[in-house]
Amino acid sequence: MRHEIKVNKAKSSRINEVDFNNLAFGKEFSDHMFIADYSNGEWSNYRIEPMANIAFHPATSAFHYGQAIFEGLKAQKDKDGNVLVFRPDMNAKRMDISANRMGMPSLPEGLFLQAIEELIKLDASWVPTDANSSLYIRPFMIATDEYVGIRESEHYKFIIFTCPVGAYYSAPVNVYVSEEYIRAFPGGVGFAKCAGNYAASLYPLRFAKQEGYDQILWLDGIEKKYFQECGTMNVFFMIDNVLVTPPLDEGTILAGITRDSVITLAKEMGIKVEERNISVEEFLQAHKENRIQDAFGAGTAATIAPIKIVGYRHTKYELPDIETRTVSTAIKAKMNQIKNGDDAQKSAWVMKIDASEHVPV
Ligand SMILES: *Cc1c(COP(=O)(O)O)cnc(C)c1O
């Protein structure tokens, strides 16, 4: 089903103000944004407007009680200048899962994808052509009741904006195993991309950063033994030629689309994959015996981020030289091919947007 989306174009483009050869992550914004409103039990008023500030009442519910969820996905250009969005149907489904957990409404069927398509058609010239850059797409939903009191909001906004971005990490990452702070518990909200999860990670991360680490490697909250995720990435270890990643079944781990892609591609490359718990003890033992061949974080922003050091109880465990990381390197190369439209067999993983009719504003 196609939805009616009204378009109010920006009077002039800001694109010439942006240095596409020096893109930071998340600091530049394209010309337009998509907005939808929810009230009286339904979504309406679909529109694309010039990217601009929005005024909110101080009692806006999202600010106080945190009904706020988001998604993150990327688009790139193929050789012919079409825009390719990587697995957006998966983000649409996950947004619905997050919304449901946070007591927020589902979006109408097809709106998520159509809104991305129309927004990107309009801002296609913002999609970088450089291989290491992409257009980051940020859909989010917030509760907008002007009301002080904890209840499910009756009003929401669903908004999408986009940012041309460069690389997220420029070097391999160092992660610190936190025993003091826990990200997620069974029955909690670890599997939801809700704003509060990220707020809660910032204080622990401050101390890890002071010690030279980039991210926290989170442990389970019950036994404090098993790895969950590193920062906002799913975590993978290659031990004895088996690619191991923690399972999703407890609801403590965010079901990453990069994670799913890594598992699928690794299996297709003939690599054995196991979704199972990995304990700190197993890691330490395997490290001692030099059986860890590779380790990396997987997420949309960084794609595949090799892990160089795991810090635990103030000891730094160094992992093999990055040059020897055949698994993460091969998977990353494959992912890039798919994202650029150079892999016909995985063309179902990209949503192609024909931007040829596009007339710059
Ligand atoms: C977004 C996110 C990921 C990665 O998910 P992708 O779909 O691969 O981008 C992993 N962990 C957390 C906590 C996240 O928020």
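## The cavity between the domains

The domain bounds used in this report come from an automatic or database domain assignment, and the structure to which they are applied is a predicted model. A search of the whole structure finds 1 cavity of 30 Å³ or more, and about 70 Å³ of space lies in the largest cavity. Because domain 1 (6–167 + 344–353) and domain 2 (173–324) both give residues to its lining, the largest cavity lies between these two domains.

The lining of the largest cavity is made up of G72, L73, K74, F86, N91, I257, T258, T300 and K339. Among the secondary-structure elements, those that give two or more residues to this lining are β5 (73–77) and α5 (257–268). Sorted by class, the lining has 3 nonpolar, 4 polar and 2 charged residues.

## Helix α7

K339, one of the residues that line the largest cavity, is also among the buried residues of α7. Helix α7 covers residues 326–339, and at 1.5 Å a residue its 14 residues should span 20 Å; the end C-alpha atoms are 20 Å apart, which agrees with that expectation.

Which residues of α7 are buried? They are V327, S328, I331, M335, I338 and K339, and, seen down the axis of α7, the buried residues fall within an arc of 95°, so they line one face of the helix. The general background is that an α-helix has 3.6 residues a turn, so residues three or four places apart point the same way. After the helix comes G341, which has a positive phi, near 80°.

## Two arginines with positive phi

Although R87 is not a glycine, it has a positive phi of about 45°. R87 lies in the loop between β6 (83–86) and α2 (88–101), and F86, at the end of β6 as bounded here, is one of the residues lining the largest cavity. Is R87 buried or exposed? With a relative accessible area of 8%, R87 is buried, since the cut-off for buried is under 20%.

R313 likewise is not a glycine and has a positive phi of about 45°. R313 is found in the loop between β16 (303–312) and β17 (315–318). Its relative accessible area is 54%, and R313 is therefore exposed, the cut-off for that class being over 50%. Taken together, the two arginines each have a positive phi of about 45°, but R87 is buried, whereas R313 is exposed.

Notes:
Residues are numbered from 1 along each chain as its sequence is written. This is a predicted model: local features need pLDDT of at least 70, side-chain atom pairs count only at pLDDT 80 or more; totals for chains, interfaces and linings use all residues. Side-chain values use heavy atoms; hydrogens and water are left out. On a 1 Å grid over the protein atoms alone, a cavity is a set of points where a 1.4 Å probe fits but cannot get out, and a pocket is an open set with protein on both sides within 12 Å along at least five of seven lines; lining residues have an atom within 4 Å of a point. Grid points are joined across faces, edges and corners, and a volume is the space filled by probe spheres set on the points. Helices (H or I, at least four residues) and strands (E, at least two) are DSSP runs, numbered from the N terminus. Ala, Val, Leu, Ile, Met, Phe, Trp, Tyr, Cys and Pro count as nonpolar, Asp, Glu, Lys and Arg as charged, and the others, Gly among them, as polar. Buried means under 20% relative accessible area, exposed over 50%, partly exposed in between (1.4 Å probe, protein chains only). The expected span of a helix is 1.5 Å times one less than its number of residues. The arc is that of the directions from the helix axis to the C-beta atoms.
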